[in-house]
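Work through the exercises below with the model open. Try each task before reading its solution.

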Amino acid sequence: MASKYAFPKPLKELRFHLCQTGASSTPLRSFLQRAYPVMKKHNPYTPILIREAQGVSPQVIARFEYGKEIKLPLDGLADKDLETTIEKFVMTAP
């Protein structure tokens, strides 16, 4: 990979769903605070959406070309594990 969080061309949108106050979303919240600026810097034209809702379990949804969407639940992952998990998830274009 050329640079950290450089997404492949087929990726059209990346959405993070999490709870504002839930304990299961705490690692994802801290990951996004740290990694969002870097992701956006390396992918200025790819929408990176953060959706917060009460009681939602943390997950990431990637939308690729032709409307293909893939979901990945992020329950039980530590902040350090999120980085590698999300990187691998995004790079596996369908």
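Three exercises follow, each with a worked solution.

This is a predicted model: local features need pLDDT of at least 70, side-chain atom pairs count only at pLDDT 80 or more, and totals for chains, interfaces and linings use all residues. Residues are numbered from 1 along each chain as its sequence is written, and side-chain values use heavy atoms, leaving out hydrogens and water.

**Exercise 1.** Find which elements give two or more residues to the largest nonpolar core.

Solution. Start with the definition: a nonpolar core is a set of buried Ala, Val, Leu, Ile, Met, Phe, Trp, Tyr and Cys residues joined through side-chain atoms within 4.5 Å. The largest one has 20 residues, and those with the most contacts inside it include Phe7, Phe31 and Met39. Strand E1 (11–18), helix H1 (26–42), strand E3 (59–64) and H2 each give two or more residues. H1 supplies the largest share, five residues. Helices (H or I, at least four residues) and strands (E, at least two) are DSSP runs, numbered from the N terminus.

**Exercise 2.** Decide whether Gln59 is buried or exposed.

Solution. Locate Gln59 in strand E3. Apply the cut-offs: buried is under 20% relative accessible area, exposed over 50%, partly exposed in between (1.4 Å probe, protein chains only). Gln59 has 19%, so Gln59 is buried. Contact means heavy atoms within 4.5 Å. Leaving out residues up to four places away in sequence, Gln59 touches eight-listed partners including Arg15, Leu28 and Pro73.

**Exercise 3.** Place Pro94 and classify its exposure.

Solution. Pro94 lies in the segment after helix H2 (79–91). Its relative accessible area is 61%, so Pro94 is exposed. Beyond residues up to four places away in sequence, Pro94 touches Phe64, Lys68 and Ile70.
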